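Biologist: Please pick one part of this model and take me through it closely. Start small, then work outwards.

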Amino acid sequence: MRKLLQAITDKVSTKRGMWITFTIWILFTVILTVSMPSVRDYQVASIERLPNDMQSVVANEKMSTYFGDSELLPAIIVLQSEGKVTVEDLAAISNQVIEEELHGVKEIVPFGMLPEQATNPFFSKDRKTAIIPVNLDSNLDTPEIKVTLEKIKTIIKEHTDLSASITGPAGIAVDTTDLFTRADIVLIMSTVGIILVLLMVIYRSPLIALIPLVAAVFVYQIVTQLLGLFGKAGLLMSTQSVSIMSVLLFAAVIDYSLFVFSRFREELKQHEDKNTAMKLAMRGTGLPVFYSGGTVFLAMIILIFAELGDYKNFAPIFGTALIVIMIASVTLVPALFAIFGRKSFWPVIPRVGDTTVKPSSIWSKVGGFVIRKPIVSIVAVGVFIFVSALYNFNLKYEFDLIKSFPDDMPSRVGYEILEEKFAAGDLAPTTVIVEANTPIPEESQQVLLDKLSKQDHVSNVRLENITEDQKVVSYSLTFQNSPYSLESIDALETIQGNTEKLLNASNLEGEIYFAGETAASLDDRNTNNHDLVLIVLLETILIFVMLIFLTKSFKMPLYMMGTILVSFFAALGLGLFLTNLLFGIDTISDRVPVYAFIFLVALGIDYNIILVSRFMEERQRHSIKEATQIAVANTGGVISSAGIILAATFAVLMTQPIQLLFVFGFIVAVGILIDTFLIRGVLLPSLIVLFERDEKKEKA
């Protein structure tokens, strides 16, 4: 790999090679842009997140088999009036929807045909709020759903004086897509803006700021077109995955560009010819940068082994981005810097004979302290990590995802009105399906209903459907609390564990299945816990093995992986504490720890690779302590600036209207700063000084 990579970078660094490389990238970008669709044409608000063998998914299939099509997309129209909502209002709306035969509407309650007593459950106690459930075809695209819901709103406006909010899965899907469509523009502009400003402030050179961004734009355009090709082939991509990918892409390209130009500047101070300087620079940084990209690629591609759709969806999206980034980091980036040469650094142009790193620089002093006081350094950082990690014991999950959306989002407004005006559990009852081996007598049906009603946190249970052969019965079970609350999820888990007792008490032999939002949340929680363990193990093992090949050592990867793993727990704990303290967020999505682990370990190891690669290079000519000090001093400036930019880039996710992305972006930003300044700058070099030994001394 080293020889192949060196051959590539040597050719890219030549006068002819740099222009050929740049031209190839331009042609490739133009061809893909003209001939391929964009990823934006295939983004969806959400994807199927649970595996097909999960109980809630199986239960839905049972419902469809025994009681008709369950593959419907519910929408709940929430209507309010300053006075009272009447049955006539609801009848006018439902009759008009039925009469117009709106595209995709499969079912709507025909209020005009119901006796008044049967309509009471659709009204709040004060009669100022009412709901109309509507079921849409689940095969509708989000734009089609939006058009249908807009037509329903128009009907409401034309035939009543009621205010309307549409919630439920259909309303949430439309609002989510609208949010991300607007937010994606803000995200890209904010990302580019913050990178440009920080590069200008840190390096005080316009070209240093622009060259990495030019490379990032090329990579971004190519990746979005390649993903568009995958979308055309049938791969669905969630807007959330694409948003995070965009941030990762810009952050990684800028990071690797800084490593290249930092070494290029160092070589320009020793060689007059810019092409020679770039060739030598890439011989020093090409392999570490490529390996850094490889570690992130492995971290992303192993997500294909996860069970949750949210994580699986990351693998092809992030894997594609990383491959293009890795290729760009050893071809496009050095070619661009070689083309501009010394002018890249204007107005502070490096000259032959300039001092490489000043002994008075901050990182020279840090390196000096570390080699003199390694134990003190380890203890100081260790205490910080331990104290920060303690806050993880306060970790609380939130499964009501709509609560993470903006307060004024129409579907959230409608949802909260439902919570306030109706029983919380009525928002999404759980369907209990009993599949018996023999016909179920009425007595057993009633006994089972009574037993279910007496379970903890259950509000009420009613018989819903029964098949002609009476072997399958379904009940509608309503919890006292919100269907997404921990109390309801835990209660359902307990009921699931007692199904054998429930069947025996009812004198039945068969199976009980649970469908609905609470059942799906329970399956989601259990699957997420499984995926968390799997991802942590696979990512740790794969990166550890990769580090062994890079360092030709077993001990060094232990230091590198160990420090990154403990820093993750510190970042998660400190991030949770600060989000609670600064933003009042005391619960998070269960996705956050998994997302944070994937990115913090993969990106944090990058900086360790850059440091250790420089240490190994200097180790050939110097003692352990001298090599460590030189490595810290020479990589400190570029890694700290790269870390600041990377942290700021992920912090841009805090502009997103989704709390999950807000918290994830903040925690990753905190973690990157910990990795940059404490782990890479102090803890890892201290461990190297303390435990590594000079060969001469060992022989002596």
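Modeller: Two residues are in contact when heavy atoms of theirs lie within 4.5 Å. Keep in mind that this is a predicted model.

Let us start with Gln470. Leave aside its neighbours within four places in sequence, and Gln470 is in contact with Thr438, Pro439 and Ile440. Thr438 is 32 residues away along the chain, but its C-alpha atom is 8.0 Å from that of Gln470. Gln470 sits in the loop between strand 8 and strand 9. Is Gln470 buried or exposed? Its relative accessible area is 38%, so Gln470 is partly exposed. That value falls between the cut-offs, which are under 20% for buried and over 50% for exposed.

Now step out to the two strands that flank this loop. Strands 8 and 9 belong to an open sheet of four strands. The order across the sheet is 8-9-7-10, and the pairing is antiparallel. Strand 8 (458–466) and strand 10 (510–515) form the edges, each pairing on one side only. From one strand to the next, the twist averages 20°.

Look inside this sheet at strand 7 (residues 430–436) and strand 9 (residues 472–479). They run antiparallel and are joined by six bridges. One pair to find is Thr430 and its bridge partner in strand 9, Leu477. A helix also packs on this sheet: helix 3 (residues 55–67). Helix 3 touches strand 7, strand 8, strand 9 and strand 10. Its direction makes about 105° with that of strand 10.

Next comes helix 16 (residues 442–453), which holds Val447. Val447 has 25% relative accessibility, so Val447 counts as partly exposed. Its contacts, apart from neighbours within four places in sequence, are Ala505 and Ser506. Compare a residue farther along the chain: Arg525 is 78 residues from Val447, and their C-alpha atoms are 31 Å apart.

What about the nonpolar side chains? In soluble globular proteins, these tend to be buried together. The largest nonpolar core here has 199 residues, and Phe599 and Phe650 have the most contacts inside it. Phe599 touches Phe650 itself, and also Ile244, Leu248, Met300, Phe318, Gly604, Phe664 and Val668, not counting residues up to four places away in sequence. A second core is separate and has 25 residues. This second core leads back to our sheet. Among its members are Val432, Val434, Val458 and Tyr475. Val432 and Val434 fall within strand 7, Val458 within strand 8, and Tyr475 within strand 9.

Now for empty space. The whole structure has two cavities of 30 Å³ or more. The largest has a volume of about 160 Å³. Its lining has 14 residues, of which Arg263, Thr285, Ile610, Arg614 and Thr635 are the closest to the centre. Helix 9 (239–268), helix 10 (274–301), helix 21 (591–619) and helix 22 (624–651) each supply at least two residues of that lining.

Finally, turn to another open sheet of four strands. Its order is 3-4-2-5, with antiparallel pairing. Strand 3 (105–108) and strand 5 (163–167) are its edges. Nine bridges join strand 2 (residues 72–80) to strand 4 (residues 129–137). Leu72 stands opposite Asp137 there. Helix 6 (residues 142–159) lies across strands 2, 3, 4 and 5, at about 25° to strand 2.

Terms used:
Residues are numbered from 1 along each chain as its sequence is written. This is a predicted model: local features need pLDDT of at least 70, side-chain atom pairs count only at pLDDT 80 or more; totals for chains, interfaces and linings use all residues. Side-chain values use heavy atoms; hydrogens and water are left out. Two strands pair if DSSP finds at least two bridges between them. Axes are lines fitted to C-alpha atoms, for helices over the stretch in contact, and angles run from 0 to 180 degrees between N-to-C directions. A nonpolar core is a set of buried Ala, Val, Leu, Ile, Met, Phe, Trp, Tyr and Cys residues joined through side-chain atoms within 4.5 Å. Buried means under 20% relative accessible area, exposed over 50%, partly exposed in between (1.4 Å probe, protein chains only). On a 1 Å grid over the protein atoms alone, a cavity is a set of points where a 1.4 Å probe fits but cannot get out, and a pocket is an open set with protein on both sides within 12 Å along at least five of seven lines; lining residues have an atom within 4 Å of a point. Grid points are joined across faces, edges and corners, and a volume is the space filled by probe spheres set on the points.
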